Amino acid sequence: MKSAYRFSVAYFSLFGILLLLSGLWLFGLKIGLTPDTVAAYYLGSEEAFTQPKSTHGLLEIAVPHLGAMGLFIMVSVHFLIFVPKERRRFALPLSIVLFTAALLNIFAPFAIIAGFHSFVWIKIVALITLQLLGLYLLRIIFSEALRTLYHHRDI
Amino acid sequence: MKFTLNNDHQQDRLMNSLLTGLMLFILLFLSFDLLFKSEQIGLSYATMSTTLFGDEEAYLDPLPFTSLLEIIHADTFFAMMILLTLGAVYGRVGHTKRARVILINITMVSALLSIITPLLAYYYSPLFIWFWLFSLLLWHAGAIAMSLISLWRLQHP
């Protein structure tokens, strides 16, 4: 890997961390991180004078996230090919869990408005899983890019 | 991403034309993104300040913080994907190693600042709007330079 590309990969992981944190912040502000607030956001609340979310409204959020999250996970995990083999044995299970968490995160709201109330919990667990594993993955990519930059100071 | 792993795109006509097409699309994206930003948030201190904080005299409401965060969230995604791809191509075909590293670092750091500074402007001081404006213009200029140099080098190996 060329040094210019190592820099790009290191910055990619920093952008990724900002992307995940801004997503979590947005979720916390707009929806809230407790089961009650998540249910109230999607099903509407008399107290807060909010309407239930429509399928159209959920699709507007789901469609761009389907493309973006798939691409983000694929690109992020594929950078593990630059990590030494013995330190990337977890890459396959990690990618499966990340893709599954992303899908549940995107589609859980449809199940919530369809009446499956337990998906409120699935939404929260999927979000937290995606955030924690995403941050863990990006930290590995960032430290590996920095490590190889340090060991190949060929600028 | 094959072009990140092999060096023979100067001889490989298909890879060369694919990268040329990609660079043209990225150039268009960057140009229209600036145009869109000028409509969305403005590209001067006055218009950006009005977008963030509103204007009582003109009866303009401030931008809700969640809307600002949505803009930042989407911009982060596009910047990271565009700059990663651009960095991969420019890192292969750009000028000297030092020039490549310097341009990539300036562009990436300014892009990161353009994501963080609106939050600082919103929470701490309107003065950060200057940093926001400068970093936004700088990362677009850096990325446009990277794509133009890459285009030139792809056509004149």
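A salt bridge here is a side-chain nitrogen of Lys or Arg lying within 4 Å of a carboxyl oxygen of Asp or Glu. In this predicted model, the side chains of B:E70 and A:K30 fit that description, with an N to O distance of 2.6 Å. That pair has no company: the count across the interface of chain A and chain B is 1 salt bridge. Polar contacts add a little more to the picture, with 5 residue pairs between chain A and chain B, both partners at pLDDT 80 or more.

So much for the polar side of things; what does chain A bring to the interface? Two of its helices, α1 (3-30) and α3 (55-78), each supply at least two residues of the side that touches chain B. Of these, α1(A) gives the largest share, at 19 residues. Sorted by class, the side of chain A that touches chain B has 20 nonpolar residues, alongside 7 polar and 3 charged ones.

As for extent, the size of an interface is often given as the accessible area lost when the parts come together. Chain A and chain B bury about 2,900 Å² between them, and 80% of that area is on carbon and sulfur atoms. In residue terms, 30 residues of chain A are in contact with 34 residues of chain B.

Turning to chain B itself, the secondary structure is 5 helices and 0 strands, which reads along the sequence as α-α-α-α-α. Its C-alpha trace spans about 60 × 25 × 20 Å along the principal axes. Of the 157 residues in chain B, 49% are buried. Contacts in chain B also reach a good way along the sequence: among those between residues at least 6 apart, 73% join residues at least 24 apart.

Aromatic rings turn up in numbers too, with 17 aromatic pairs over all chains. Take B:F77 and B:F78: their ring centres are 5.8 Å apart and their planes sit at 75°, so the pair counts as edge-to-face, the cut-off for that label being over 60 degrees. The two residues fare differently in exposure. B:F77 has a relative accessible area of 13% and is therefore buried, whereas B:F78, at 44%, is partly exposed; the buried label needs a value under 20%, and the exposed one a value over 50%. Elsewhere, one aromatic cluster takes in residues from both chains, namely A:W25 together with B:F53, B:F65, B:Y122 and B:Y123.

Methods. Residues numbered from 1 in each chain as written. Chains lettered and ligands numbered in written order. Predicted model: local features only at pLDDT ≥ 70, side-chain atom pairs only at ≥ 80, totals over all residues. Heavy atoms only, no water. Contact = heavy atoms within 4.5 Å. Buried area = accessible area lost by both parts, 1.4 Å probe. Polar contact = N/O pair within 3.5 Å; in protein donor to acceptor, adjacent residues only side chain to side chain. Helix = DSSP H or I, 4+ residues; strand = E, 2+ residues; numbered from the N terminus. Nonpolar A, V, L, I, M, F, W, Y, C, P; charged D, E, K, R; others polar. Phe/Tyr/Trp six-rings, centres within 6.5 Å; stacked < 30°, edge-to-face > 60°. Buried < 20%, exposed > 50% of the residue type's maximum accessible area, 1.4 Å probe, protein only.
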